[in-house]
Amino acid sequence: MDRVYFDNSATTRVDDRVLDAMRPYFLEKYGNASSLHVFGHEAFDAMEIARGQVAAAVNAAPRDIIFTSGGTESDNLALQGAAFASASKGKHIVTSSIEHHAVLHTCQFLESQGFKVTYLPVDSEGFVSEEDLKNAITPETTLVSIMMANNEIGTVQRIKDLADIAKEKGALFMTDAVQALTKVPVDVDELNVDLLALSAHKFHGPKGVGALYVRKGVKLRPLVYGGGHERGLRSSTENIPGMVGMGKAAELGIREMEESVDRMKAMRDRLIDGTLAAVPRAYLNGPPDEGRLCSNAHFRFDFIEGEGMVLFLDMQGIAASTGSACSTKSLEPSHVLRSLGLRHEQCHGSLRLSLSKFNTMEEADYFIETMPPIIERLRKMSPLGEGVTYDVPTVH
Ligand SMILES: *Cc1c(COP(=O)(O)O)cnc(C)c1O
């Protein structure tokens, strides 16, 4: 078995057709989109085609798409941009406790700037409750930001219901849809959202390029000042190859979505059923089926550490993750898992497998064969092993 890549929530392989579309914009059509000569026109036209492709993927108007350097910048532009632009109306923001750090740490920064932030809890499957949101919004609330699909446990929120509540109460609604696009239908009008963040490298596009949908009339303060690119919201010479790649990846991802989702779901279910059947004291984190990303299988195994599993799997050629790629270098358990009400040591025994259209059923079967002996070995080595008593407080 060749190397198996089950870490597609961290990043994905670029589609060959995306790379082919990008190549000319490095080598022949390398102009600056602001230039008046033919090189400039070529670059400008390519950028506008790409903007149209990204817009079409979320049913937006092309002029409402702002290209950025990625999901993190899109989240920052949405949150900081909206918070500062509407600070005279109020300084309260509502978000959830399971957001990506690009949202959470931006909210913490805004708190340091005098904003108040409410972090909504989630239930044991990762869902935000509509009732909690209703109760959290005050006349001071200008912005609600709830992610569409969670990058760790794969929970897909009922965004329309949440957005309706925020909009009814006069707040803007932002959603981080980085994990959702090409796996869940995303329609900015149907979802009733004002701001929506995307990142190309999560759907087989290049790294370092993202987009923010900004509904017409929504005021944002820019993060970056300069030549006035992207309607003044994001200055800097446009990353034409990146934009072209993102546009192509969005177009292909949407066109081929139905088929890839069906394939991923079948592999996901094989991984979940096979693993839970083959390994004792293994549990699924996140929703069982309804409301779960087609690409996500997230397990919890008693008595072991996620890091050990990732290293042993890597030796067998399987790339997986302990949960959030961003927090693996720290010993803090994932904020998402803790929000589900899991105890400290339960968080540590977690493993995320995230799929893409490039994975195969054979790879899923290989994982199911490979995993049980690894678990058995780790449990034998584990100081947390069966028969050992330990006392860990519940973490909320
Ligand atoms: C990956 C990710 C981001 C960050 O996107 P980058 O393009 O890597 O900056 C933000 N939100 C979610 C949910 C993600 O999965």
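**Close-up views of the pocket and the ligand site**

**View 1. The largest pocket holds about 280 Å³ of space.** The model shown here, and in each view below, is predicted. Rolling a probe the size of a water molecule over the atoms shows where empty space is left.

**View 2. Residues from two domains line the largest pocket.** Domain 1 (4–11 + 257–381) and domain 2 (16–255) each supply at least three residues to the lining. To find your way around, look for Val156, Lys183, Val184 and Pro185, and also for Val261, Lys265, Asp289, Glu290, Gly291, Arg292, Leu293 and Cys294. Sorted by class, this lining comprises 6 nonpolar, 1 polar and 5 charged residues.

**View 3. A shell of 13 residues surrounds the ligand.** Within this shell, Thr72, Asp176, Gln179, Ser199 and Lys202 come nearest to the ligand. Helix α4 (residues 71–85) gives the largest share of the shell, with 3 residues. By class, you will find 2 nonpolar, 8 polar and 3 charged residues around the ligand.

**View 4. Side chains of Thr72, Gln179 and His201 meet oxygen atoms of the ligand.** Start with Thr72, where an N or O atom of the side chain is 2.6 Å from a ligand oxygen. For Gln179, the distance from a polar side-chain atom to an oxygen atom of the ligand is 2.7 Å. His201 also places a polar side-chain atom by a ligand oxygen, here at 2.9 Å. Taken alone, the ligand exposes 380 Å², and 87% of that is buried by the protein.

Note on methods:
Residues are numbered from 1 along each chain as its sequence is written. This is a predicted model: local features need pLDDT of at least 70, side-chain atom pairs count only at pLDDT 80 or more; totals for chains, interfaces and linings use all residues. Side-chain values use heavy atoms; hydrogens and water are left out. On a 1 Å grid over the protein atoms alone, a cavity is a set of points where a 1.4 Å probe fits but cannot get out, and a pocket is an open set with protein on both sides within 12 Å along at least five of seven lines; lining residues have an atom within 4 Å of a point. Grid points are joined across faces, edges and corners, and a volume is the space filled by probe spheres set on the points. Ala, Val, Leu, Ile, Met, Phe, Trp, Tyr, Cys and Pro count as nonpolar, Asp, Glu, Lys and Arg as charged, and the others, Gly among them, as polar. Domain bounds come from an automatic or database domain assignment. A residue is near a molecule or strand if one of its heavy atoms lies within 4 Å of it. A polar contact is a pair of N or O atoms within 3.5 Å; within protein, one must be able to donate a hydrogen and the other to accept it, and residues adjacent in sequence count only if both atoms are side-chain atoms. Accessible areas come from the Shrake-Rupley method with a 1.4 Å probe; for residues, only the protein chains shown count as cover. Helices (H or I, at least four residues) and strands (E, at least two) are DSSP runs, numbered from the N terminus.
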